[in-house]
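Work through the exercises below with the sequence and the structure at hand, and try each task before you read its solution.

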Amino acid sequence: MHEGLPEPEYRKLWDTISSAIWDELDPLEQRIESEERIPYDVVLPVLRESGTFGLLVPREYGGSGLSIAQYLPIIAEFAKIQGGLRVIVHVHNSFAHALSEIGNAEQQAAILPGAATGERSLAFALTEPEHGSGADLGTTARRDGADYVIDGRKWLITNSDLASHFLVLAKTGTAEVSALLVERDTPGFGIEPLPETMGCKGGEHGELTFDGVRVPASALVGAEGQGQEHLERALEISRVFIAASSLGTAERSLELSLQHAQDRVTFGKPIGQRQAVQRYLAEMAIDVYALRGMLADAAAKWDAGRRIPAESSMVKQFGLEAVGRVTDRALLVHGGIGYTRRVPIERLYRDARLNWLEEGTPTIQYMVAARELLSGYTFDDAFGASPAT
Ligand SMILES: Cc1cc2nc3c(=O)[nH]c(=O)nc-3n(C[C@H](O)[C@H](O)[C@H](O)COP(=O)(O)OP(=O)(O)OC[C@H]3O[C@@H](n4cnc5c(N)ncnc54)[C@H](O)[C@@H]3O)c2cc1C
C-alpha cells in the first residue's frame, strides 16, 4: 500500500503548488501563447521552489514521494492553466516515476536526487518518423564490447530542450526491445526542434538523431530485451496521468461555463436560465463526475500495489472523449467570444487535443483494453465483492 505523504504535509504542498499555479504561472498564459515559447528563466525557478519537480520522486531521493491519489489532483490543477506548462510537469514527473520503478539503484542514485530539484530531467524517446505507434521501432542498440551503439531517429520528443537524460527505446535483437538512458551531450546524439504545435504551446518536442551513439552497458534500464515490459509498465500509470489532465481541463471549462451562463444576458435573462443551455452544463458535469470516479478507482488500485492494464487504457480513452465533449460544449456556452483569446476556452479546447496523442492514440487504447479483457483480465467493481462473487 502506497500511503504517500502524510496529510498535513500534503496540504502544505498543495497550498504551495496551488499558489505557484494561480499566482505565478497562470499570468504567463498570454505571453506564452503569443511568443510560442515558455520563458524558462521565469518558469523553472517557480517549479523548483514549489517542489513540483519532486512530486513523484521517492522521499529517500529528496522528493515528496506522493501516492498516485495525491498526485492526480495536482496534475489536474496544472491542466487548468496554459498547456505547455502542464506538459513539462507531466513528462518530468512521469518518467522520474518510471525510473524509480524500473531503474536500478545506481541509475536512481545518479538521476533522482537531481530530478527532485529539477537540476536533472528525463525525456522519453519512443516515437519515430519512419515507424509507427508503440514499439514499431527502427532505432537499434548494438552490443559492442562493454558498450551499446545506438543508431536511428526519434521525433516529437517532449522536453528535448530541457532534458538531461533521454530514456530511449531501441531494438537489441530482431524483436527484442530494450530501454537505455542516453545523456544529453553524448557524442553522435543530435537534437533539433520541430515546428510549433496546435496547443500546449511553448515547449519543445524535438527530433533526435543517433549516429553511432556509444553508451556504457550500465545505461541499460532493466534487462536486455525487457524494454517492452518496462514500456508497458511506465505507460500504464502515465495514461492515468493523461486522464487526470483531461479532468483538469474539463473542470476548468465547466467552471468558466457556469460563470458565463450566469453572467451573459440575452433577451433579458441569463442564458443559464434557458433549458437548452442547462442541458449543456449538466452534460459537462456528468462527464467530469464520471471521469473523477474512474480516476479514483484507478489510483486506489495502483496505490494498493495492483496492476491496472485495462483500467489505464479505459480511463485514458474515456478522459479524452469526455474532455472533447466538455470543451466542445464550453465553446457553445460561450458563443462567439469563446472563439477569441479574450477567454481561456479556445486555448483549453486546443490544449486538450494533445490528450488524444500522448501515451498512445485511441486505436491503441482500444487494442490494449480489448487484449487484456480477451485474455481473461477482470476489473472488479468499485464496491468490492459484488453479490454474484
Ligand atoms: C506534442 C506532442 C508531444 C509528444 N511527446 C512524445 C514524447 O515525449 N515521447 C514520445 O515517444 N512520443 C511523443 N509524442 C508522440 C505521440 O506519442 C505519437 O504521435 C502518438 O503515439 C501516435 O504515434 P504516431 O505519431 O507514430 O502515429 P501513427 O502510428 O502514424 O498513427 C497514425 C494513425 O494510425 C493509427 N495506427 C497506427 N498504427 C496502428 C496499429 N498498429 N493499429 C491500429 N491503429 C494504428 C493511429 O491510432 C493513428 O490514428 C508526442 C506527440 C505530440 C504531438
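**Exercise 1.** What is the area buried between domain 1 and domain 2, and what percentage of it do carbon and sulfur atoms give?

*Solution.* Keep in mind throughout that this is a predicted model. Begin with the bounds, since the domain assignment gives domain 1 (7-120), domain 2 (124-224) and domain 3 (228-374). For the pair in the task, the area buried between domain 1 and domain 2 comes to about 1700 Å², and carbon and sulfur atoms give 62% of this area. Of the area that domain 1 buries against domain 2, E36, F95 and Q107 supply 26%, which is more than any other three residues.

**Exercise 2.** Describe the interface of domain 1 and domain 2 through its contacts and its salt bridges.

*Solution.* Start with the distance between the two parts: the centres of domain 1 and domain 2, taken over C-alpha atoms, are separated by 23 Å. Next, look at the residues that meet, where 23 residues of domain 1 are in contact with 20 residues of domain 2. Finally, turn to the charged pairs, for the rule finds three salt bridges across this interface of domain 1 and domain 2. To practise on a single salt bridge, find R37 and D161, which form one with their closest N and O atoms 3.7 Å apart.

**Exercise 3.** Which residues line the largest cavity, and which elements give two or more residues to its lining?

*Solution.* A search of the whole structure finds three cavities of 30 Å³ or more, and the largest cavity holds about 60 Å³ of space. Its lining is made of A79, I81, G83, R86, C200, T249, D351, A352 and N355. The elements that give two or more residues to this lining are α5 (83-102) and α10 (345-352). Sorted by class, the lining of the largest cavity has four nonpolar, three polar and two charged residues. Domain 1 and domain 3 each give at least three residues to the lining of the largest cavity.

**Exercise 4.** Why does the second largest cavity lie between domain 1 and domain 3?

*Solution.* List the lining residues before anything else: S94, H97, A98, E101, I102, R233, A234, I237 and S238 line the second largest cavity, whose volume is about 50 Å³. Then assign them to elements, with α5 and α7 (227-263) giving two or more residues to the lining, and α5 providing the largest share, five residues. The last step compares the domains: the second largest cavity lies between domain 1 (7-120) and domain 3 (228-374) because both give residues to its lining.

Methods: Residues numbered from 1 in each chain as written. Predicted model: local features only at pLDDT ≥ 70, side-chain atom pairs only at ≥ 80, totals over all residues. Heavy atoms only, no water. 1 Å grid on protein atoms, 1.4 Å probe; cavity = no way out; pocket = protein on both sides within 12 Å on 5 of 7 lines; lining within 4 Å. Points joined across faces, edges and corners; volume = space filled by probe spheres on them. Helix = DSSP H or I, 4+ residues; strand = E, 2+ residues; numbered from the N terminus. Nonpolar A, V, L, I, M, F, W, Y, C, P; charged D, E, K, R; others polar. Domains from an automatic or database assignment. Contact = heavy atoms within 4.5 Å. Buried area = accessible area lost by both parts, 1.4 Å probe. Salt bridge = Lys/Arg side-chain N within 4 Å of Asp/Glu carboxyl O.
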